[in-house]
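Let's take a friendly walk through this structure together. Have the sequence and the 3D view at hand as you read.

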Protein chains: 2
Amino acid sequence: MIRVEAVDAAEDRSEIAREIMRGLPEWFGIADATAHYVAAVSELPTWAAWTDSGAPAGFVSLKTQGPRAAEVFAMGVRRELHRRGVGSALLAAAEEHAVRCGAEYLQVKTLGPSRPSRGYEATRRFYVARGFVPLEELDGLWEHDNPCLMLVKRLRHGIEIHPVTGLPEVHEGDDLAALIVERAGIENGDVLVVAQKVVSKAECRVVRLADVEPTQRARELSGDRDPRQTEVMLRETARVVRSRPPLLIAETRHGFVCASAGVDASNAPGPETVVLLPVDPDASARRLRDRVAELTGRTVAVVVTDSFGRAWRQGTTDVAIGLAGLAPLHNLHGERDLVGYELHATTIAVADEVAGAAELVMGKLNRIPAAVVRGLPHRGDGTALELVMPAERDLFR
Amino acid sequence: MIRVEAVDAAEDRSEIAREIMRGLPEWFGIADATAHYVAAVSELPTWAAWTDSGAPAGFVSLKTQGPRAAEVFAMGVRRELHRRGVGSALLAAAEEHAVRCGAEYLQVKTLGPSRPSRGYEATRRFYVARGFVPLEELDGLWEHDNPCLMLVKRLRHGIEIHPVTGLPEVHEGDDLAALIVERAGIENGDVLVVAQKVVSKAECRVVRLADVEPTQRARELSGDRDPRQTEVMLRETARVVRSRPPLLIAETRHGFVCASAGVDASNAPGPETVVLLPVDPDASARRLRDRVAELTGRTVAVVVTDSFGRAWRQGTTDVAIGLAGLAPLHNLHGERDLVGYELHATTIAVADEVAGAAELVMGKLNRIPAAVVRGLPHRGDGTALELVMPAERDLFR
């Protein structure tokens with residue numbers, strides 16, 4: 001186990017940095033430069049990583065650069081502990097401190113790629129894998145033969161929602177997770193939001209109307225809609241909640257209450273076809289999540305969404321119909337507010353809010369059926385079926 | 001009127017740059033450096049701004065720095081056209097191009113503050129006002145006496161949601177807009193999301209239960225709740241939609257259907273007090289918007305939110321109960337999807353999705369009653385009352 005702690009005493013900071021750098025001559029081989037680092041870190045916020053045996057495993061020092069930016073001034077990890085998460089833990093501590101101090105950007109300078117070095121190549125890879133982006137190799141900032149690469153990372157003070165653009169039309173059997181991760185820079189902890197329509201297409205939940213013979217009931221509920229489409233809706237319906245032809249509000253076999261039992265002709269694979277909801281959208285989300293882990297080694301949550309209408313309010317919002325790796329509800333029951341009042345019935349449908357947030361960058365007209373939500377504080381696990389109101393508590397059945 | 005256009009021919013790029021720089025000796029007074037710029041921009045993507053008379057008003061040239069970063073290489077605006085939006089329009093064109101090319105960060109180098117210069121102070125202000133953050137004054141990158149300040153801006157490929165932290169408890173008569181803008185870096189085009197609770201407190205929509213005498217009906221509908229609280233709810237109620245004591249779903253005088261007619265004891269100013277919805281939340285939003293413009297000169301949209309339960313689904317999501325500067329609904333009616341299918345009834349409740357998205361960074365327990373949503377593509381204008389389903393279309397009255 002590695003423990004990361006702030007180092008408060010100036011002499012401790014320098015001593016730990018000296019000891020770590022001494023074991024890393026490939027990076028800290030220039031005596032003058034190293035002496036400069038040792039002296040400077042004594043004055044800088046510094047964290048050390050400690051092994052169980054009490055030996056320093058690594059250190060990082062942070063330098064503020066004005067009120068809105070900070071710099072990873074120096075960092076080192078004992079060679080035999082490389083690739084064990086020590087650097088990640090140190091960097092996380094430094095970033096957390098920088099965010100607390102109000103910094104919006106974190107920069108780091110390291111040897112640029114124009115002078116080949118296996119050690120520094122690994123250093124650059126380390127930072128890039130943790131969200132830093134090479135900004136420029138700055139000619140002349142350091143002495144000749146030491147090209148200085150500056151990398152920068154925007155520090156997050158909230159949530160980011162990125163559309164996944166450039167996806168092709170999705171067909172039966174497509175590896176949807178692969179199509180997405182090829183086009184999205186997935187990071188650990190991201191929530192990947194995927195529109196039901198592409199999940200259903202990949203899972204072949206498509207019905208050709210030519211194969212459907214409508215019943216009398218379907219004809220009655222159709223209004224001016226193709227009765228074969230209504231027939232498909234009724235086959236997906238466990239209970240008709242309201243109907244005013246052609247409008248049909250149904251409880252699906254999953255338990256979701258929505259228009260048309262989730263059956264939709266828009267963005268279908270072609271005319272005369274309709275798309276159904278996945279058979280088990282929670283299982284679809286879980287499979288996507290597992291496949292993303294397999295392809296990238298990263299742990300994400302997945303939310304499968306659909307656009308649902310609401311009682312009493314105009315317009316649809318996207319909600320979660322399938323999920324994996326995320327608790328759908330954030331229950332504040334029993335927590336107290338700032339004046340001590342106990343919250344009684346406050347449960348927030350986080351997964352539905354994530355779905356709606358992602359819709360803001362997704363597009364029904366421009367083939368953006370997926371988005372990445374980054375920085376969501378809540379996690380946990382659960383299913384979208386937990387979002388369905390149990391019949392005995394439902395005032396609106 | 002200013003028109004910004006890409007300049008394609010190498011000689012045109014250099015000629016326009018030379019002409020603009022010639023009129024700006026305060027910035028481009030070193031002949032060698034200017035000659036270098038003139039030569040270099042011939043090879044770089046360059047945009048020119050044109051006045052109605054056909055004279056070049058300014059130019060900007062962009063340099064890529066690897067696949068993920070770009071640099072504002074050179075920029076100038078004819079002196080007599082400063083502070084007319086020419087620079088903003090040029091920068092916007094360059095940023096749009098950089099985003100399209102996949103750049104995540106945009107940097108610019110200019111003279112640092114350690115060498116005083118009124119012209120360059122204006123230059124730094126220009127970039128900071130457009131979202132750039134000073135990263136570091138780089139000693140030694142440029143020749144002596146020319147300290148190089150590097151500024152950086154994360155280019156947006158989606159939406160960002162920032163919590164507004166550090167707000168004090170809000171009291172009657174507080175200037176809520178001022179409290180927020182002091183703590184949030186508001187930019188033009190942002191959507192400011194504010195929880196109803198603080199709006200109501202600032203507007204003194206607080207009732208002391210000691211002043212309330214419950215009617216018999218309030219006692220009947222109270223269950224185990226304080227009947228005085230139920231009495232307050234009934235006074236806010238236009239129509240009881242459902243009741244299962246103590247649960248009361250009501251249509252408020254505004255037309256919103258929600259639990260307890262929007263009356264809430266959590267986060268109230270003290271025990272034995274409850275908070276009501278604002279009298280006219282759309283007007284509250286408009287006042288906040290106007291006040292933000294007055295204080296900052298920036299144009300934002302404002303959404304006032306509350307946590308509403310939903311029929312058939314567990315948990316609350318935040319929705320818009322007041323808004324200004326944003327169209328609540330995005331109507332796709334009549335638009336065609338990629339296979340040519342005409343969308344019939346697709347209207348997205350954008351304002352409710354914005355409200356829910358902001359809730360993800362707001363906190364009922366930690367005094368974060370406001371958030372800034374940046375990068376939302378939709379705008380327009382309207383009111384939250386447009387989100388209320390008209391009675392004649394409501395299947396669930």
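A:Glu160 stands opposite B:Glu160 in S8(B). That is a good place to start in this predicted model, and the strands around the two glutamates show how they come to face each other. Strand S8 of chain A, residues 159-163, pairs with strand S8 of chain B, also written as residues 159-163. The two strands run in the antiparallel sense, and three bridges join them.

Now step back from the strands to the whole meeting of the two chains. On the chain B side, 73 residues are in contact with 73 residues of chain A. Which helix of chain B gives the most to the side that touches chain A? Helix H10, covering residues 350-359, does so, with seven residues. If you sort the residues on this side of chain B by kind, you find 37 nonpolar, 17 polar and 19 charged.

Next, follow chain A on its own. Its secondary structure comes to 10 helices and 19 strands. Along the principal axes, the C-alpha trace of chain A spans about 90 × 55 × 35 Å. The radius of gyration of chain A is 27 Å, whereas a compact globule of 397 residues would have one near 21 Å.

Finally, look inside that chain. Of the 397 residues in chain A, 48% count as buried. Contacts within the chain can also be sorted by how far apart the partners sit in the sequence. Among contacts in chain A with a separation of 6 or more, 61% link residues that are 24 or more positions apart.

Conventions
Residues numbered from 1 in each chain as written. Chains lettered and ligands numbered in written order. Predicted model: local features only at pLDDT ≥ 70, side-chain atom pairs only at ≥ 80, totals over all residues. Contact = placed C-beta atoms within 7 Å. Helix = DSSP H or I, 4+ residues; strand = E, 2+ residues; numbered from the N terminus. Nonpolar A, V, L, I, M, F, W, Y, C, P; charged D, E, K, R; others polar. Pairing = 2+ DSSP bridges. Rg over C-alpha atoms; globule rule 2.2 N^0.38 Å. Buried ≥ 20, exposed ≤ 12 C-beta atoms within 10 Å, placed from the backbone.
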